[in-house]
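Work through the exercises below with the structure open. Each task is followed by a solution in steps.

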Amino acid sequence: AARMSELPTDTRALLVVAALDDEDALAEILGAAALIAGAGVGVSDLEPAEAAGLIDLEETTLRFRHPVVRSAIRQGTTVAQRQDAHAALAEVLAGKPDRRVWHQVGATVGPDEAVAGDLDDAAARAVRRGAIVAAVAALEHAARLTEDSTRRGDRLLSAAELAFEIGRHDVVLRLLHDAAPLELGPLELPRLSWLREVFEDGRWSGAAKARAFVEIADRMRLDGDTERALSSLLTVALRCWWDSPDQETRDLIVAAAERIPVPADDAQLIAILAFASPIDKGAVVIDRLTRLTAEAGGDPEALRLWGTAATGVGAFDQAARFLEAAVAGLRAQGRLGLLARALVSQALTGIFAGSWSHALAAAQEAGRLARETAQPTWLASAQAAEATLAGLRGDAHGAEALAAEAERVLLPMGAAPVLALVQLARGAASLTAGRHADAYEALYRIFDPADIASQPYVRHWAVADLVDAAVHSGHHDEARAAVLALEADAARARSPLLLVGLAYARALLAGDDEAEARFQEALGADLAAWPFLRARLLLAHGAWLRRQRRVADSRALLRAARESFDALGATPWSERARQELRASGETTRRRTPDARDDLTPQELQIARMAADGLSNRDIGQRLYLSHRTIGSHLYRIFPKLGVTSRADLHAALDAAGAPSPGR
């Protein structure tokens, strides 16, 4: 600062412009300074600053020797000098609107709707390129320059929506707090209520506010705001999936959504139909999703909605492709709030699609991000998914610890329907351990309308497990009643998982006179997307054949079941198949652990990324970990896989049967 004061006037003018410029292009610094000090300003006027050790000059750039120099110059200027410099830079940058607008902000005194409008445009461009942080900043600055209370509230609420996407829960609450005392318009006031419902995620209101949300959506639609009209309906539609309101409420939401003039493949519309009415609209949703490709989505949030819509109607076989692309896109854009939700859906999809290592990595990361972005229901869902995977792999103690932790999150919130995921996890753990009575008790809570953990659509996911537990614990009549109740749902909804689960259930419940036909019918379907259920069908059919003294026929099925369970890492189920084989008179060795078994889910994820050529820094940026942490993981991974370099990772992982992490 002392050196600056001793420099010539034109030199000081150039340095002020350079200090306030957001790049180091010499031409634009000279152009802006000429508007302030006169056309005679040139490169030679910078030589005293270079001699004073403040800057380094090159042919096309000007750089400060140290960031403190820039700071000292800024602090040494008056408000008027800074405004003049910003105004000059804004004029020079007329052809670069995203940079120009911030210099317009610096040159503005008091409210200015024209500059605020330019900030709106900059925010929209930032969203399109995935720069959500920049968009939030632009909208918040636009609100500060806005005199009209309604318009200011609209900009604050828009900023809050985007701040949630990047996991800045503190910013969301601050923006909502700033918007609350304003004189909001007839659209902004209900929108504030909607945003509080979505973001202040510490309580569970279920579908109780459905009618109010439909009214909000209709107002937005009539005002031409179709995007937010759909968003409003999507919020309550998701609650409807969990809360199971009456049919009139579901029809009200569906009708409101279908009144909004958007294409049939609009991601929000498809998700609303899937969540609000998964039985009546399930077949429609599946048909529309079948015609879509992951590349067609563009916006990763649209891909996430297509993927979660698929899970809502039991089409986990379709969900995987959308969610894989969504996770990659949301991760690249840093939209952590939405990334946590996408990872929960990916974890659930992996459970049913048989990609368990991938699912476990997704569940663990989802839990971490949901905690950091203050989304307790999604945190509990991630923990329940992780508990299910632990149970399926035989870790009953770990499964119960995770299930209990999820339960402790959900009960104080009153989010009872989400407890169905907790009971699903407990049922899976008990069933895997051979505790069939305990499994039946846990799973029947999902089917019992009088129980707080009852959930009509998680029943579709759990019917195979319930019948398996019931058949082995003497609850045949209850199992038949549960299957009968779901047959009508399957006929209307065409839910792929429900159809496969019911085929499995019918085979297990069949008497000896029709069991063979039922097993053949179930195994004759295309089960490529459902490897775990297929393996269980092979095991159950092989065991039935052995009990019928058709020992030779049973062995091929039991061998196939053993190999499928081994590939999935379902060790307790593999052992069950081996026991049946030994009972049939065939000698079978224990499964030999492979290198994959020694890697944690996160290590497996990191190893695959490193094998694909990503650097430690690249991997760290994708997983939101430091590059040093990635290096430490690889230091432990190499000896586990028996390799000494990254070049050997691909072959080692392929030999271990490690799946792609779905970057």
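**Exercise 1.** Which residues line the second largest cavity? Find them, then describe the cavity.

Solution. This is a predicted model.
Step 1: the lining is made up of Pro278, Ile279, Gly312, Val313, Gly314, Tyr457, His460, Trp461, Ala493 and Ser495.
Step 2: sorted by class, 6 of these residues are nonpolar and 4 are polar, with no charged residues.
Step 3: the space in this second largest cavity is about 50 Å³.

**Exercise 2.** State how confident the prediction is, and locate a stretch of low pLDDT.

Solution. Step 1: the chain has a mean pLDDT of 88, and 94% of its residues reach 70 or more.
Step 2: residues 657–663 have a pLDDT below 50. In the model this stretch still has 25 contacts beyond near neighbours in sequence.

**Exercise 3.** Describe the largest cavity and its lining.

Solution. Step 1: the whole structure holds 6 cavities of 30 Å³ or more.
Step 2: for the largest cavity, the volume is about 220 Å³.
Step 3: its lining has 15 residues, and those closest to the centre are Phe352, Trp461, Asp465, Phe532 and Arg536.
Step 4: two or more lining residues come from each of helix H20 (336–353), helix H22 (376–392), helix H24 (419–432), helix H26 (458–471) and helix H30 (531–547).
Step 5: by class, the lining has 12 nonpolar residues, 1 polar and 2 charged.

**Exercise 4.** Trp461 appears in the linings of Exercises 1 and 3. Place Trp461 in the nonpolar core and list its contacts.

Solution. Step 1: the largest nonpolar core has 184 residues, and Trp461 is among the members that touch the most others, along with Leu233, Ile253, Val467 and Phe565.
Step 2: H20 makes the greatest contribution to this core, 11 residues.
Step 3: leaving out residues up to four places away in sequence, Trp461 touches Trp241, Thr311, Phe316, Leu348, Phe352, Leu421, Leu424 and Leu497.
Step 4: there is also a second, separate core of 27 residues, including Ala19, Leu26, Ala33 and Ile55.

**Exercise 5.** Which element gives the most residues to the lining of the second largest pocket?

Solution. Step 1: this pocket contains about 470 Å³ of space.
Step 2: among its 25 lining residues, His472, Leu508, Ala540, Ala543 and Arg547 are the closest to the centre.
Step 3: the elements that supply two or more lining residues are H26, helix H27 (476–493), helix H28 (496–509), helix H29 (515–523), H30 and helix H32 (571–583).
Step 4: H30 gives the most, with 6 residues.
Step 5: the lining comprises 13 nonpolar, 5 polar and 7 charged residues.

**Exercise 6.** Is Ala482 buried or exposed?

Solution. Step 1: Ala482 is part of helix H27.
Step 2: Ala482 counts as buried because its relative accessible area is 8%, and buried means under 20%.
Step 3: apart from neighbours within four places in sequence, Ala482 is in contact with Phe447 and Leu466.
Step 4: the C-alpha atoms of Ala482 and Val467 are 8.5 Å apart, although 15 residues separate the two along the chain.

**Exercise 7.** Describe phi, place and exposure for Arg494 and Arg549.

Solution. Step 1: Arg494 is not a glycine, yet its phi is positive, about 60°. For Arg549, also a residue other than glycine, phi is near 65°.
Step 2: Arg494 sits in the loop between H27 and H28, and Arg549 in the loop between H30 and helix H31 (551–568).
Step 3: Arg494 is partly exposed, at 38% relative accessible area, while Arg549 is exposed, at 75%.

Methods:
Residues numbered from 1 in each chain as written. Predicted model: local features only at pLDDT ≥ 70, side-chain atom pairs only at ≥ 80, totals over all residues. Heavy atoms only, no water. pLDDT = per-residue confidence, 0-100. Contact = heavy atoms within 4.5 Å. 1 Å grid on protein atoms, 1.4 Å probe; cavity = no way out; pocket = protein on both sides within 12 Å on 5 of 7 lines; lining within 4 Å. Points joined across faces, edges and corners; volume = space filled by probe spheres on them. Helix = DSSP H or I, 4+ residues; strand = E, 2+ residues; numbered from the N terminus. Nonpolar A, V, L, I, M, F, W, Y, C, P; charged D, E, K, R; others polar. Core = buried A, V, L, I, M, F, W, Y, C linked by side-chain atoms within 4.5 Å. Buried < 20%, exposed > 50% of the residue type's maximum accessible area, 1.4 Å probe, protein only.
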